[in-house]
Amino acid sequence: MTDVAGWDIGGAHLKLAQVEGETIVAAVQLPCALWRGLDELRRAFATALDGLGPARRHAITMTGELTDLFPDRAAGVAAILDVVAEFLPRAAVAAYTTEGAFSSPERAKASPGLVASANWHATSRYLATSLRDGVLLDIGSTTTDIVPFADSRVAARGTTDVERLATGELVYTGVVRTPLASIAPEVPFGGRRVGVMAEYFATAADAHRLAGTLPEGADLHATADNRGKTLPESRARLARMIGMDAGAAPETAWRGLAEAFIRRQTASIEIALERVLSGSDLRADAPVIGAGTGRFLAAAIARRFGRPHRDFGDSIRVASPALRSLASDIAPAVAVALLLSREGAA
């Protein structure tokens with residue numbers, strides 16, 4: 001039995017990290033298509049517990065309350081915590097809040113706004129207590145969190161999703177699940193600017209797969225057309241975005257188109273980072289901390305802003321080197337586990 005387990009319950013994934021003291025000893029990321037029903041969460045919980053075993057205490061953070069399975073966030077928070085109670089003792093569960101503290105499940109249900117979509121705050125708070133100054137750039141499968149921290153405090157201007165969207169601290173783009181139609185309305189192809197079809201024909205995973213930048217194991221869900229994940233199948237989906245068949249152009253043309261989508265996606269993150277930094281007083285040498293499955297974009301972004309780059313995994317202790325990359329992928333789960341472990345040790 002480990003000391004603390006940190007759970008990040010999202011709309012598409014369940015992430016779990018287990019710690020002993022300050023050391024990550026186990027981690028897992030599982031697909032969890034919560035929009036399909038609570039049984040998806042139950043199956044993911046059962047799989048996670050079967051694979052990693054029990055812990056004395058459990059830190060919970062979530063974004064899954066946002067899915068359209070629920071009529072509103074309050075109902076989502078309550079439903080998720082009820083499922084958690086089916087698997088974990090209530091007395092052992094603490095929900096993370098944007099106040100930077102942990103709450104009982106009962107208080108969390110009574111004040112759902114404090115725990116809804118709070119995972120970004122946990123990651124940045126952990127970094128603030130460890131590194132003092134910097135900006136978190138957590139690029140995931142669906143979203144990107146950009147959170148400054150200074151003087152060992154989270155320096156975000158927004159707290160809720162709508163506030164964070166307005167400040168640039170939340171960007172709805174990720175390297176796997178984002179529909180390509182949301183990344184660019186038109187793209188260059190064959191020496192022309194071609195409109196992009198506003199259809200769910202292909203995702204960012206297809207573009208990154210064709211460009212050779214998609215990390216192994218990052219794409220855990222079905223493709224847009226429920227076909228496979230080979231390069232030819234990704235080319236077919238990408239071609240459909242501009243009303244073509246893959247056989248109508250050479251492979252190099254489709255790779256070039258994939259890279260064009262990626263440049264536009266990266267630019268949207270850079271524009272948001274520029275806005276966030278313009279509203280902060282971070283010193284010029286404060287680092288960019290890359291996290292999430294899309295953190296491979298963070299180092300180049302940091303260079304373009306003239307800032308040093310660090311990987312989230314560099315700020316934690318791990319029981320084995322193999323855990324470091326996965327821990328960076330699931331940074332919020334790691335962060336809540338470490339924060340609760342520190343709180344218990346205080």
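**Exercise 1. A residue of a surface patch**

Is Leu165 buried, partly exposed or exposed? Assign the class and place the residue in its surroundings.

*Solution.* The model is a predicted one.

Step 1. The relative accessibility of Leu165 is 42%. Buried requires under 20% and exposed requires over 50%. Leu165 therefore counts as partly exposed.

Step 2. Leu165 belongs to helix α6, which covers residues 161–167.

Step 3. Together with Leu66 and Tyr172, Leu165 makes a nonpolar surface patch of about 280 Å².

**Exercise 2. The surroundings of strand β1**

Determine how many residues of strand β1 are buried, and describe how the strand pairs with β4 and β2.

*Solution.*

Step 1. Strand β1 spans residues 2–9, and 8 of its 8 residues are buried, so the strand is largely enclosed by the rest of the structure.

Step 2. With β4 (residues 55–62), β1 pairs in the parallel sense through 7 bridges. Two residue pairs illustrate this register: Ala5 has His58 as its bridge partner in β4, and Gly6 has Ala59.

Step 3. With β2 (residues 13–20), β1 runs antiparallel, and 6 bridges join the two strands. Within β2, Leu16 stands opposite Trp7. The two strands form a hairpin, with 3 residues between them.

**Exercise 3. The sheet as a whole**

State the strand order of the open sheet and identify which strands stand at its edges.

*Solution.*

Step 1. The sheet is open and consists of 7 strands in the order β6-β5-β4-β1-β2-β3-β15, with mixed pairing.

Step 2. The edges are occupied by β6 (102–103) and β15 (317–318). Each has a single partner strand, so one side of each is left without a neighbour in the sheet.

Step 3. The parallel pairing of β1 with β4 and the antiparallel pairing of β1 with β2 are both found within this mixed arrangement.

**Exercise 4. Salt bridges between separate parts of the chain**

For Asp3 and Arg57, for Glu22 and Arg342, and for Asp225 and Arg240, give the closest N and O distance and locate the partners.

*Solution.*

Step 1. Side chains of opposite charge can pair when their charged atoms come close. The cut-off for a salt bridge is a nitrogen to oxygen distance within 4 Å. The model contains 28 salt bridges by this rule.

Step 2. In the salt bridge between Asp3 and Arg57, the closest N and O atoms are 3.4 Å apart. Asp3 lies in strand β1 and Arg57 in strand β4, so the pair ties together parts that are 54 residues apart in sequence. Asp3 is buried, at a relative accessible area of 16%, whereas Arg57 is partly exposed at 25% relative accessibility.

Step 3. Glu22 and Arg342 form a salt bridge in which the closest N and O atoms are 3.3 Å apart. This pair links distant parts of the chain: Glu22 is in the loop between β2 and β3 (23–31), and Arg342 is in helix α12, 320 residues apart. Glu22 is partly exposed, with 24% relative accessibility, and Arg342 is partly exposed, with a relative accessible area of 27%.

Step 4. For Asp225 and Arg240, the closest N and O atoms of the salt bridge are 3.9 Å apart. Asp225 lies in the loop between α7 (204–211) and α8 (231–240), and Arg240 lies in helix α8, so the pair ties together parts that are 15 residues apart in sequence. Both residues belong to one network of salt bridges that share partners, whose members also include Asp206, Arg209, Asp219, Arg227, Lys229 and Arg237. Arg240 is partly exposed, at 30% relative accessibility.

**Exercise 5. The largest pocket**

Give the volume of the largest pocket, and state which residues lie nearest its centre and which elements supply its lining.

*Solution.*

Step 1. The volume of the largest pocket is about 710 Å³.

Step 2. Its lining comprises 33 residues, and those nearest the centre are Gly11, Thr63, Thr142, Thr143 and Tyr172. Tyr172 is also one of the residues of the nonpolar surface patch in Exercise 1.

Step 3. At least two lining residues come from each of β1, β2, α5 (119–131), α6 and α12 (331–345).

**Exercise 6. A residue of helix α9**

Is Glu270 buried or exposed, and how far is Glu270 from Asp133 in sequence and in space?

*Solution.*

Step 1. Glu270 is located in helix α9, residues 251–278.

Step 2. Glu270 has 17% relative accessibility and counts as buried, since the class requires under 20%.

Step 3. Glu270 and Asp133 are separated by 137 residues in sequence and by 19 Å in space, C-alpha to C-alpha.

Technical notes: Residues are numbered from 1 along each chain as its sequence is written. This is a predicted model: local features need pLDDT of at least 70, side-chain atom pairs count only at pLDDT 80 or more; totals for chains, interfaces and linings use all residues. Side-chain values use heavy atoms; hydrogens and water are left out. Patches are made of residues with over 30% relative accessible area and no salt bridge: like charges are joined within 9 Å, nonpolar side chains (Val, Leu, Ile, Met, Phe, Trp, Tyr) within 5 Å. Accessible areas come from the Shrake-Rupley method with a 1.4 Å probe; for residues, only the protein chains shown count as cover. A salt bridge is a side-chain nitrogen of Lys or Arg within 4 Å of a carboxyl oxygen of Asp or Glu. Helices (H or I, at least four residues) and strands (E, at least two) are DSSP runs, numbered from the N terminus. Buried means under 20% relative accessible area, exposed over 50%, partly exposed in between (1.4 Å probe, protein chains only). Two strands pair if DSSP finds at least two bridges between them. On a 1 Å grid over the protein atoms alone, a cavity is a set of points where a 1.4 Å probe fits but cannot get out, and a pocket is an open set with protein on both sides within 12 Å along at least five of seven lines; lining residues have an atom within 4 Å of a point. Grid points are joined across faces, edges and corners, and a volume is the space filled by probe spheres set on the points.
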